[in-house]
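Student: I should like to learn how to read the features of a model such as this one. May we begin with the way helices pack?

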Amino acid sequence: LEQITIPLKDGIITHDSTFIGCKKLEHVDLVEKAVLRDTIDALILDEWRNDMNVEIGAINQILPITSAGDDTDDVGEKAQAVRMWIRSVLH
């Protein structure tokens with residue numbers, strides 16, 4: 001598994017072991033990417049637009065260096081990273 005496409009919804013990833021062993025998972029796309037981009041483009045301040053674009057792209061910088069874990073004792077941190085990223089984009 002190298003890439004996932006998910007909705008930008010808090011609670012979509014519920015278990016820490018969701019991506020256990022997925023060492024190649026490095027990219028997240030959003031289902032509603034086009035709508036989200038239009039909304040971001042409509043933001044009045046350039047700084048807000050830039051901040052949101054950076055925030056949305058951040059997960060693809062984080063996942064390649066995040067542990068995937070290898071068993072039930074080491075579930076890795078990819079699921080937690082995706083959950084934290086979703087929350088940071090939404091709030």
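Tutor: We may, bearing in mind that this is a predicted model. Take helix α1 (residues 33-41) and helix α2 (residues 46-57): their axes come within 9 Å and cross at roughly 155 degrees.

Student: How is such an angle to be read, and what is the relative direction of α1 and α2?

Tutor: The general idea is that angles over 145 degrees count as roughly antiparallel. Helices α1 and α2 are therefore roughly antiparallel to each other.

Student: Which residues make the contact of α1 and α2?

Tutor: On the side of α1 they are L36, R37, I40 and D41, and α2 supplies R49, M52, N53 and I56. By character, the residues of this contact divide into four nonpolar, one polar and three charged.

Student: What can be said of α2 and α4?

Tutor: The same reading applies. The axes of α2 and α4 come within 9 Å, with a crossing of roughly 165 degrees. Because angles over 145 degrees count as roughly antiparallel, α2 and α4 are therefore assigned to that class.

Student: Is the crossing of α2 and α4 left-handed or right-handed?

Tutor: The crossing of α2 and α4 is left-handed. The contact joins M52, E55 and I56 of α2 to W85, S88 and V89 of α4. These residues divide into four nonpolar, one polar and one charged. M52 and I56 of α2 deserve attention, since they are listed in the contact with α1 and again in the contact with α4.

Student: Let us turn to the chain as a whole. How many helices and strands does the protein chain have?

Tutor: The protein chain has four helices and two strands. Read from the N terminus, the order of elements is β-β-α-α-α-α. For the overall extent, one takes a box along the principal axes: the C-alpha atoms fill roughly 45 × 20 × 20 Å.

Student: How does one describe burial and surface for the protein chain?

Tutor: A residue counts as buried under 20% relative accessible area. Of the 91 residues of the protein chain, 32% meet that description. The accessible surface of the chain comes to about 5,900 Å², and carbon and sulfur atoms account for 52% of this.

Student: What share of contacts in the protein chain joins residues at least 24 apart?

Tutor: Among contacts between residues at least 6 apart in sequence, the share is 64%.

Student: How should separation along the chain be set beside separation in space?

Tutor: One compares the two for chosen pairs. G57, in helix α2, is 32 residues from V89 in sequence, and the C-alpha atoms of this pair are 10.0 Å apart. V54, also placed in helix α2, is 33 residues from G21 along the chain, with 27 Å between the C-alpha atoms. A third pair is D73 and S17: they are 56 residues apart along the chain, and their C-alpha atoms are separated by 9.8 Å.

Student: Where is D73 found?

Tutor: D73 is in the loop between α3 (59-62) and α4 (78-90).

Student: How are G57, V54 and D73 classed by accessibility?

Tutor: The class exposed begins over 50% relative accessible area, and partly exposed lies between 20% and that value. G57, with a relative accessible area of 29%, is therefore partly exposed. V54 counts as exposed at 60% relative accessibility, and D73, at 77%, counts as exposed as well.

Notes: Residues are numbered from 1 along each chain as its sequence is written. This is a predicted model: local features need pLDDT of at least 70, side-chain atom pairs count only at pLDDT 80 or more; totals for chains, interfaces and linings use all residues. Side-chain values use heavy atoms; hydrogens and water are left out. Axes are lines fitted to C-alpha atoms, for helices over the stretch in contact, and angles run from 0 to 180 degrees between N-to-C directions. Angles under 35 degrees count as roughly parallel, over 145 as roughly antiparallel, 65 to 115 as roughly perpendicular and the rest as oblique. Contact means heavy atoms within 4.5 Å. Ala, Val, Leu, Ile, Met, Phe, Trp, Tyr, Cys and Pro count as nonpolar, Asp, Glu, Lys and Arg as charged, and the others, Gly among them, as polar. Buried means under 20% relative accessible area, exposed over 50%, partly exposed in between (1.4 Å probe, protein chains only). Accessible areas come from the Shrake-Rupley method with a 1.4 Å probe; for residues, only the protein chains shown count as cover. A crossing is left-handed if the near helix is turned anticlockwise from the far one by less than a right angle, and right-handed if clockwise.
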